[in-house]
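User: I am new to this structure. Please take me through the reasoning behind the labels.
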Amino acid sequence: MPAVVAEKLHALINLLESSENLQDVAEMQIYHLHPLQGKREGQYALDIAGRRAGYRLVIIPLNADGNEWKEKNVNIIYQATEAIIAWEVSNHYE
């Protein structure tokens, strides 16, 4: 991964740690927080260095019990998530 992407990944992780909830991050359009589909249902992706860079951080939001959400409404998930699992960093277009 290019150094600039690594720096932006650290910044994104710091943002996630300091945010009240995922709604705060979702409102920052540069990260394009969105749910994944198919076999990745329950996982969410964030663009690390903008959409053109192609690198993304895949996370799994957890509910108050520490379990993956069964809820489908992203607004509820974004507002009520108390912890996440940073699942993978990948170049989405490779």
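Analyst: Here is a set of short answers, each setting a value against its cut-off. Keep in mind that this is a predicted model.

User: How do you know which strands form the sheet, and in what order?
Analyst: Strands pair if there are at least two bridges between them. Two bridges join β1 (residues 34–35) to β2. Four bridges join β2 to β3 (residues 55–62). Eight bridges join β3 to β4. Each of these counts meets the cut-off of at least two. The four strands therefore form an open sheet in the order β1-β2-β3-β4, with antiparallel pairing.

User: Which residues stand opposite each other in these pairs?
Analyst: H34 stands opposite A45 in β2. D47 faces R56 in β3. The bridge partner of I59 is A86 in β4.

User: What makes β1 and β4 edge strands?
Analyst: Each has a single partner strand, so one side of each is left without a neighbour in the sheet. Residues 83–91 make up β4.

User: What packs on the sheet?
Analyst: Helix α1, residues 3–18, does. It touches β2, β3 and β4. Its direction makes about 20 degrees with that of β3.

User: Which way do the side chains of β2 point?
Analyst: Y44 and L46 point one way, A45 and D47 the other. In a regular strand the side chains alternate between the two faces of the sheet. In β2 (residues 44–47), all four of these residues are buried.

User: Why is the pair of Y44 and Y78 called edge-to-face?
Analyst: The structure holds one aromatic pair. The ring centres of Y44 and Y78 are 6.0 Å apart, and the cut-off for a pair is within 6.5 Å. Their planes stand at 65 degrees, and over 60 counts as edge-to-face. So the pair is edge-to-face.

User: Where in the chain do the two partners sit?
Analyst: Y44 lies in strand β2, and Y78 lies in helix α3 (residues 74–80). They are 34 residues apart, so the pair links distant parts of the chain. Both rings belong to buried residues.

User: What makes up the largest nonpolar core?
Analyst: It has 17 residues. Those with the most contacts inside it are L12, L33, L46, I48, L57 and I59. The elements giving two or more residues are α1, α2 (22–26), β2, β3 and α3. The largest share, five residues, comes from α1.

User: What does L33 touch, leaving aside its neighbours within four places in sequence?
Analyst: L33 is in contact with L22, A26, Y44, A45, L46, I59 and Y78. Of these, L46 and I59 also appear among the core residues with the most contacts.

User: Why is S19 called buried?
Analyst: Its relative accessible area is 17%. Buried means under 20%, so S19 is buried. It sits in the loop between α1 and α2.

User: How do you know that S19 makes a polar contact?
Analyst: Its side chain reaches the backbone oxygen of L15 at 2.6 Å. The cut-off is within 3.5 Å, so the distance qualifies. Beyond its neighbours within four places in sequence, S19 is in contact with D24 and V25.

User: Are G50 and H32 buried or exposed, and why?
Analyst: G50 has 16% relative accessibility, under the 20% cut-off, so it counts as buried. H32 has 29%, between 20% and 50%, so it counts as partly exposed. G50 is in the loop between β2 and β3. H32 is in the loop between α2 and β1. The two are 18 residues apart in sequence and 8.3 Å apart in space, C-alpha to C-alpha.

User: What is notable about the backbone of H32?
Analyst: H32 has a positive phi of about 45 degrees although it is not a glycine.

User: What makes P61 buried?
Analyst: Its relative accessibility is 2%. The cut-off is under 20%, so P61 counts as buried. P61 is in strand β3. Leaving aside its neighbours within four places in sequence, its contacts include L22, Y44, W69, I77 and I84.

Notes
Residues are numbered from 1 along each chain as its sequence is written. This is a predicted model: local features need pLDDT of at least 70, side-chain atom pairs count only at pLDDT 80 or more; totals for chains, interfaces and linings use all residues. Side-chain values use heavy atoms; hydrogens and water are left out. Buried means under 20% relative accessible area, exposed over 50%, partly exposed in between (1.4 Å probe, protein chains only). Rings of Phe, Tyr and Trp (its six-membered ring) pair if their centres lie within 6.5 Å; planes under 30 degrees apart count as stacked, over 60 as edge-to-face and the rest as tilted. Contact means heavy atoms within 4.5 Å. Axes are lines fitted to C-alpha atoms, for helices over the stretch in contact, and angles run from 0 to 180 degrees between N-to-C directions. A nonpolar core is a set of buried Ala, Val, Leu, Ile, Met, Phe, Trp, Tyr and Cys residues joined through side-chain atoms within 4.5 Å. A polar contact is a pair of N or O atoms within 3.5 Å; within protein, one must be able to donate a hydrogen and the other to accept it, and residues adjacent in sequence count only if both atoms are side-chain atoms.
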